[in-house]
Structure formats: structure tokens, C-alpha cells
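Work through the exercises below with the sequence and the 3D structure at hand. Each task is followed by a solution in steps.

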Amino acid sequence: MPRLENHTAIVTGSSSGIGRAIAQRFASEGAHVLLADKIEETRGGGPTTLELIKQSGGAADYLQTNVASWEDLSACVEHVAAKHGRLDIMVNNAAIGAGGRLTKTTEAEWDETMAVNLKGVFFGCKAAAQQMLTQNPRGEVRGRIINISSQHGMISSPNHLAYGVSKAGVVYMTRQIASDYAPDGIVCNAIAPGKILTNMGGHVPTAEQTAYSTSRTPWPRLGQPEDVASAALFLASPEATYITGENLMVDGGWMAS
Ligand SMILES: NC(=O)c1ccc[n+]([C@@H]2O[C@H](COP(=O)([O-])OP(=O)(O)OC[C@H]3O[C@@H](n4cnc5c(N)ncnc54)[C@H](O)[C@@H]3O)[C@@H](O)[C@H]2O)c1
């Protein structure tokens with residue numbers, strides 16, 4: 001039996017990269033997925049995530065969404081609740097990587113990074129939790145929130161101050177929400193990817209950046225979006241119910257070395 005049959009999910013940043021893989025994986029396991037991204041086109045061309053899911057017999061909708069907007073994220077949750085009566089899984093994945101090291105980071109870069117990476121996760125968690133609190137539990141759980149953090153946020157993000165600070169905030173936010181809402185049956189976890197091959201933000205890594213990631217990763221390859229999707233499926237499933245407030249590394253051992 002599909003592991004997410006009759007479940008509903010929202011995945012932000014689902015048009016490209018890791019979010020696309022999570023959305024496809026959830027749909028392949030029977031979930032109805034709302035694809036929430038500021039642009040529908042997949043970076044580099046090819047079928048959209050919506051088209052891919054529909055081609056393989058899955059169920060999904062796309063809603064143009066800027067995660068830095070409370071109105072947009074509320075609209076996503078309202079859409080799912082109106083159509084299906086409940087929201088089971090919220091994945092806050094969308095993020096950007098603007099900025100440099102401290103003395104190179106402008107106020108505008110700082111504000112933009114925090115608006116998307118930190119406020120966007122706050123809005124996503126809040127809109128989701130408001131809905132989850134109104135619905136009956138399935139077994140023990142009213143709903144599950146999965147936030148995508150990063151190893152950068154636990155250790156320095158070379159030359160990306162604002163990004164690292166935003167991800168540290170996501171890890172803390174995850175713990176606090178897990179603790180505050182455990183009595184209400186809301187499970188909240190994070191996933192911290194190491195180096196995943198996505199060309200995040202449309203930037204092809206330089207040879208120097210790839211060499212750095214490779215040198216930091218004990219596993220003999222870098223990560224694929226599907227590696228993160230597998231972890232997300234686990235945290236979205238009933239098997240992960242007594243796991244909350246966790247920040248699960250999917251990093252080929254980066255943080256272990
Ligand atoms: N790729 C990596 O190596 C890596 C490592 C650690 C953490 N992460 C995290 O994984 C997540 C996904 O990264 P990725 O590599 O897939 O990035 P990506 O750039 O490939 O995909 C990000 C998606 O988010 C969307 N997006 C960007 N800003 C948005 C906004 N304001 N509102 C809605 N959607 C928006 C983009 O359109 C895109 O579809 C991010 O949270 C990132 O910080 C990635």
C-alpha cells in the first residue's frame with residue numbers, strides 16, 4: 001500500500017531541485033501534493049513538476065507562491081483545506097543563497113535572505129499549524145512539518161553569512177515548534193542536506209566549490225535530490241511519529257568528519 005495514501009502535502013520550492021524530488025516522491029506514494037513555487041517552470045527546462053506527477057498517475061496542483069508572503073502561504077493552506085479537508089504534511093523547502101561574507105553582505109541581501117529562508121519558514125509553519133490544530137489526528141498525529149535546513153547553520157557557510165544565519169534559525173525554529181506543539185499532536189522536524197547536486201539558485205558551482213564539497217564529504221559521491229526525498233518520506237510517514245525536533249543530516253557524513 002502506498003505510504004502516503006489519502007494524505008495531503010504542500011511542498012514549497014517544488015519546481016526545481018530538492019523540492020521537485022520531494023514532491024514527486026510524495027505523489028508516487030499516494031499523496032495529493034500542492035506545488036508552491038514562485039515560478040512553475042523547472043530550471044533548465046523540461047516538464048514541470050506538475051506535468052511529471054500527472055504523467056505518472058499522481059495527483060497535484062500548482063499555486064504560484066512567494067514564501068516571503070503570508071497571504072501566499074495562507075492561500076496554499078486554504079486551497080488544500082478547502083479541497084481535501086485537511087493538511088497532513090507541510091514541507092518548507094524554498095530558499096535562496098544570496099550574499100557574501102560579513103563585510104560583503106549588503107543590507108538588501110541580508111533582508112532578502114531572511115525574508116525567504118527564515119520568515120518564509122515561519123509563515124509556512126504558522127499557516128500549516130493553524131490548520132493542523134483544527135483537524136482530528138490520524139492515529140496520534142494531527143500534522144507533520146518538515147523544514148529544510150542545511151549543514152551550513154551548524155557550521156560556517158563559507159562566504160555566505162546571511163544564508164548560514166537563516167539556516168541556524170530554521171534549526172532552532174524547528175526545535176521550538178516541536179516542543180510547543182507536541183501536546184497538540186504536531187510533529188516538526190528538519191532535514192539538513194549536505195552537498196546536493198542541484199545548481200541551487202541557478203548557480204553552477206565553481207571547480208573550487210565542488211572540490212571543497214567533495215573534500216568535506218566522506219561518502220564517495222555528492223548527494224542527489226532523491227537522497228533528501230527519501231529522508232522526507234520517512235519523516236512524513238507514521239514510522240517517524242516519536243521523532244520530533246530532530247535535524248536529520250543527509251550529508252554523506254559531512255558533519256561526522
Ligand atoms: N543543494 C544543496 O547542496 C543544499 C544543501 C543544503 C541545503 N539545501 C537546501 O535545500 C533546499 C532546496 O535547495 P535546492 O538546492 O533544491 O535549491 P534550488 O534553487 O534548486 O530550488 C529552490 C526552489 O525554490 C524556489 N524558490 C526560491 N525562492 C522562492 C520563493 N521566495 N518562494 C517560493 N519559491 C521559491 C525556486 O524557484 C526553486 O524552484 C533549500 O532550503 C536549500 O537551502 C540545499
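K83 has a relative accessible area of 45%, so K83 is partly exposed. The model used in these exercises is predicted.

**Exercise 1.** Find the salt-bridge partner of K83 and state where the two residues lie.

*Solution.*
Step 1. K83 pairs with D61, and the closest N and O atoms of this salt bridge are 2.8 Å apart.
Step 2. K83 belongs to helix α3 (residues 70-84) and D61 to strand β3 (residues 59-64), so the salt bridge ties together parts that are 22 residues apart in sequence.
Step 3. Buried means under 20% relative accessible area. D61 has 15%, so D61 is buried, whereas K83, at 45%, is partly exposed.

**Exercise 2.** Which parts of the chain does the salt bridge between E239 and R3 link?

*Solution.*
Step 1. The closest N and O atoms of E239 and R3 are 3.0 Å apart.
Step 2. E239 sits in the loop between α7 (225-236) and β7 (247-250), and R3 in the segment before β1 (8-12). The two residues are 236 residues apart, so the pair links distant parts of the chain.
Step 3. Exposed means over 50% relative accessible area. E239 is exposed at 53%, while R3 is partly exposed at 32%.

**Exercise 3.** How many salt bridges does a search of the whole structure find?

*Solution.*
Step 1. Side chains of opposite charge can pair when their charged atoms come close.
Step 2. The search finds five salt bridges.
Step 3. One of the pairs is R221 with D227, where the closest N and O atoms are 2.9 Å apart. R221 is partly exposed at 42%, and D227 is partly exposed at 26%.
Step 4. R86, D88 and R138 are linked in a network of salt bridges.

**Exercise 4.** Describe the surroundings of the ligand, starting from its oxygen atoms.

*Solution.*
Step 1. A side-chain N or O atom of K167 is 2.8 Å from an oxygen atom of the ligand.
Step 2. A polar backbone atom of I196 is also 2.8 Å from a ligand oxygen atom, and a polar side-chain atom of T198 lies 2.5 Å from one.
Step 3. The ligand taken alone exposes 830 Å², of which the protein buries 95%.
Step 4. Two or more residues of the shell come from each of α1 (17-28) and α5 (161-181).
Step 5. There are 30 residues around the ligand, and D37, R43, Y163, T198 and G201 come nearest.
Step 6. Sorted by class, the shell holds twelve nonpolar, 13 polar and five charged residues.

Terms used: Residues numbered from 1 in each chain as written. Predicted model: local features only at pLDDT ≥ 70, side-chain atom pairs only at ≥ 80, totals over all residues. Heavy atoms only, no water. Near = heavy atom within 4 Å. Polar contact = N/O pair within 3.5 Å; in protein donor to acceptor, adjacent residues only side chain to side chain. Areas by Shrake-Rupley, 256 points an atom, 1.4 Å probe, with all protein chains shown as cover. Helix = DSSP H or I, 4+ residues; strand = E, 2+ residues; numbered from the N terminus. Nonpolar A, V, L, I, M, F, W, Y, C, P; charged D, E, K, R; others polar. Salt bridge = Lys/Arg side-chain N within 4 Å of Asp/Glu carboxyl O. Buried < 20%, exposed > 50% of the residue type's maximum accessible area, 1.4 Å probe, protein only.
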